[in-house]
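I opened this notebook to record what I looked up in the structure, one topic per entry. The entries go from one helix and its surroundings outward to the cores, and then to a few single residues.

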Amino acid sequence: MSGRDLFCQPRRRRRGAALTLVFASVLVAGAATGSLPEGERKSAAGQDRSTTPASRHEDVAKAAADAMADGKSPMEAAERAVSRSGDRWGAVYSEGEYEEFEEALDGQYTGVGLWARRERDGRIEVTKVQSGSPAAAAGIRRGDRLRSVDGAHVDGRPVTEVVSLLRGDATDAAAGTAVRLGLERGTHAWSETLRRAKLSTDSVTVERLVGGITVIRIAAFTKGSGDVVRTAVQQAPADAGVILDLRGNSGGLVTEAVTTASAFLDGGLVATYDVDGEQRALHADPGGDTTRPLVALVDGGTMSAAELLTGALQDRGRAVVVGSRTFGKGSVQMPSKLPGGGVAELTVGHYRTPSGHTVDGLGITPDLDVTSQGQAAVERAETVLSGLGDAS
């Protein structure tokens with residue numbers, strides 16, 4: 001398991017909420033779906049108003065308002081209401097937490113610039129240091145062992161907890177706040193005090209392999225990531241294939257996933273979805289590269305908007321999907337304001353691939369099942385690309 005100090009969700013106010021990282025549950029209202037104002041939403045014909053998504057938003061808001069009137073915590077009341085609703089992906093955020101959430105989707109986060117993973121013996125190892133970050137300025141390097149954060153030992157802890165400590169989630173730590181790290185390199189152990197900073201996510205990385213193959217890795221669909229992908233495809237060597245690495249991509253802004261699809265499609269359907277029973281569709285822009293050989297590399301950590309993209313490329317016959325079955329998170333969430341300033345994000349519908357395949361709870365089955373991990377999986381994808389001809 002691995003992570004960095006971006007990919008830790010804002011602390012969920014609902015204790016024991018379903019597993020998800022920061023981008024896993026987002027189809028952001030307005031930016032992604034053109035969501036209707038609350039008063040204009042319509043229930044599907046014959047749908048009981050008491051069970052519609054809109055009514056659930058109202059129930060949560062009422063619970064928060066009633067708690068405020070009684071001098072109790074509106075956040076805790078909202079949490080209980082979401083829990084009673086049975087919404088697996090529903091969550092309640094404070095105003096500050098939701099601002100942090102949106103900031104991350106804009107391609108920024110507050111942290112020190114470390115990626116980390118937990119080794120089999122429980123040790124936490126630094127796997128990458130972001131260039132220009134506080135961690136880089138302090139001389140921390142890949143392979144260093146992270147032993148403690150602000151005096152708390154981290155051996156054996158889940159990476160998400162370690163990430164939360166680095167970000168200072170428990171205290172809503174802002175840029176400029178100090179965090180003291182205990183580190184080890186070989187036989188040398190030392191402490192380093194860093195100051196958190198506002199950093200860019202670098203959610204898309206591009207690598208050119210021998211033979212001209214371009215590997216485009218998308219860690220999450222943050223603002224602008226689709227344009228970065230489109231530029232990378234345009235700049236790739238003529239007739240050379242592309243590997244679109246979506247492993248571990250937990251989703252993000254659906255608009256960016258659609259822009260990414262537009263880099264490989266000449267218009268047409270990307271996905272359909274429903275909001276309060278109303279059917280809608282997402283379409284690619286015309287003019288994408290439809291002839292370049294393409295492999296989409298996925299795994300069990302490929303979720304949400306990344307599954308939407310994968311399903312579109314697979315159903316449209318544009319890419320060969322290689323890897324393992326994806327996570328199966330195909331539901332749509334929308335946020336609404338709560339009394340007291342919080343935000344409730346509740347499920348309002350589900351999306352389907354162009355052929356009508358339901359993703360939620362099922363995932364996407366790859367065309368070629370590959371259990372290899374890391375670079376070995378990329379090598380398998382290269383082999384598949386070598387057997388592909390013109391994709392037109």
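Entry 1, a covered helix. I looked up what lies over the buried residues of H7 and found that the cover includes strand E12 (214-218), helix H6 (225-235), strand E14 (269-275), strand E15 (278-283) and H8. I note that the model is a predicted one. Helix H7 covers residues 254-262, and because 8 of its 9 residues are buried, I describe the helix as largely enclosed by the rest of the structure. The buried residues I listed are Val 254, Glu 256, Ala 257, Val 258, Thr 259, Thr 260, Ala 261 and Ser 262.

Entry 2, the pairing of H7 with H8. How do H7 and H8 pack, and at what angle? I read an angle of about 25°, with the two axes 9 Å apart. Since angles under 35 degrees count as roughly parallel, H7 and H8 are therefore roughly parallel to each other. The crossing of H7 past H8 is right-handed. For the residues involved, I wrote down Val 254, Ala 257, Thr 260 and Ala 261 on the H7 side, which meet Ala 305, Leu 308 and Leu 309 of H8.

Entry 3, the cores. I then asked which residues have the most contacts inside the largest nonpolar core. That core has 40 residues, and the ones in question are Ile 216, Leu 244, Phe 264 and Val 270. Helix H8 (residues 305-315) gives the most to this core, with 6 residues. I followed Leu 244 further and, leaving out residues up to four places away in sequence, found that it touches Ile 216, Ile 218, Phe 264, Leu 294, Val 295, Ala 296, Leu 297, Leu 309 and Leu 313. A second core, separate from this one, has 18 residues, among them Ile 124, Val 149, Val 154 and Trp 190.

Entry 4, the loop before H8. I placed Thr 302 in the loop between strand E16 (294-298) and H8, and with a relative accessibility of 0% this residue counts as buried. Neighbours within four places in sequence aside, Thr 302 is in contact with Leu 246, Arg 247, Gly 248, Asn 249, Glu 307, Thr 310, Thr 326 and Phe 327. Ser 304 sits in the loop between E16 and H8 and is buried at 2% relative accessibility. I flagged Ser 304 for its positive phi of about 55°, as it is not a glycine. Most residues other than glycine have a negative phi.

Entry 5, strand E6 and the loop that follows. Is Arg 145 buried or exposed? Arg 145 lies in strand E6 (residues 145-149), and I count it as buried because its relative accessibility is 14%, where the cut-off is under 20%. With neighbours within four places in sequence left aside, its contacts are Arg 123, Ile 124, Asp 155, Gly 182, Leu 183 and Glu 184. Asp 150, in the loop between E6 and strand E7 (152-153), has a positive phi near 50° and is partly exposed, at 48% relative accessible area.

Entry 6, the whole protein. I closed with the totals: the protein has 9 helices and 20 strands, and 52% of its 392 residues count as buried. Of the contacts with a separation of 6 or more, 69% come from residues 24 or more positions apart. The exposed area is about 16600 Å², of which carbon and sulfur atoms supply 47%.

Definitions and conventions. Residues numbered from 1 in each chain as written. Predicted model: local features only at pLDDT ≥ 70, side-chain atom pairs only at ≥ 80, totals over all residues. Heavy atoms only, no water. Buried < 20%, exposed > 50% of the residue type's maximum accessible area, 1.4 Å probe, protein only. Contact = heavy atoms within 4.5 Å. Areas by Shrake-Rupley, 256 points an atom, 1.4 Å probe, with all protein chains shown as cover. Core = buried A, V, L, I, M, F, W, Y, C linked by side-chain atoms within 4.5 Å. Axes fitted to C-alpha atoms, helices over the stretch in contact; angles between N-to-C directions. Parallel < 35°, antiparallel > 145°, perpendicular 65-115°, else oblique. Left-handed = near helix turned anticlockwise from the far one by under 90°.
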